[in-house]
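Visitor: I would like to learn how to read pockets and helices. Where do we start?

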Amino acid sequence: MTVKKNGKINEIVYEYTTYHSGKYRLYPTITHLKIMLEKIIESNTTTEYLRINPFYRNGKVDMQIEFDEYMFYLECREQFDEKEQEEHILDCLDTDDQIVTAEQFEMGKILYPLCQHNDVERFKQVLATYLDYLDTLLPKLFDIAKRTMQLKDEDLAFGYFCFEVHSE
């Protein structure tokens, strides 16, 4: 059972990710995720963190793939500097390589942003950037899912993206 937490954003997340008074968990589709994020942006507040983990399900081949390495994790802190933000991004990227490419780091800036608790405008901007980035990210994830699951064209109609969403 999912417990409803206090706060505007937590209430919005609860509304879009549970049913039967929190007895069951929902995983929003892309459409519902976008609606939920727009409502969060309109709430004009921040929260401690917001985590969104995409996954793809395909009923035809009865498989699911989670994309942990493409999880969105927005953390609000009392304060931080540019060096701490860079270290946070590099930690979240968690690459085996010693070298992170510029493209990976730019993706990390979108997927693993920091903001301050009282900076509502930055919070809203980060969510809007992520919303826009989904148009680039989802086709990439779809290609990964097709290869990993070895999907045929006729299998594609049986699949969809969902998102596990948490906030505090």
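**Pocket and helix**

Guide: Helix H4 (102-111) and helix H5 (120-149) each give the lining of the largest pocket at least two residues. Helices are DSSP runs of H or I, at least four residues, and strands are runs of E, at least two, numbered from the N terminus. The model is predicted: local features need pLDDT of at least 70, side-chain atom pairs pLDDT 80 or more, while totals for chains, interfaces and linings use all residues. Residues count from 1 along each chain as its sequence is written, and side-chain values use heavy atoms, without hydrogens and water.

Visitor: Which helix gives the most to the lining of the largest pocket?

Guide: Rolling a probe the size of a water molecule over the atoms shows where empty space is left. Here, H4 gives the most, with three residues. The lining includes Glu103, Gln104 and Met107.

Visitor: Which residues of H2 are buried?

Guide: An α-helix has 3.6 residues a turn, so residues three or four places apart point the same way. In H2, the buried residues (under 20% relative accessible area, 1.4 Å probe, protein chains only) are Leu33, Met36, Leu37, Ile40 and Ile41. They fall within an arc of 140° seen down the axis of H2, so they line one face of the helix. That arc is taken from the directions from the helix axis to the C-beta atoms.

Visitor: What covers the buried residues of H2?

Guide: The cover includes helix H1 (8-17), strand S3 (49-58), H5 and strand S7 (159-167), with contact meaning heavy atoms within 4.5 Å.

Visitor: What follows H2?

Guide: Asn44 does, with a positive phi near 55°.

Note on methods: 1 Å grid on protein atoms, 1.4 Å probe; cavity = no way out; pocket = protein on both sides within 12 Å on 5 of 7 lines; lining within 4 Å. Buried < 20%, exposed > 50% of the residue type's maximum accessible area, 1.4 Å probe, protein only.
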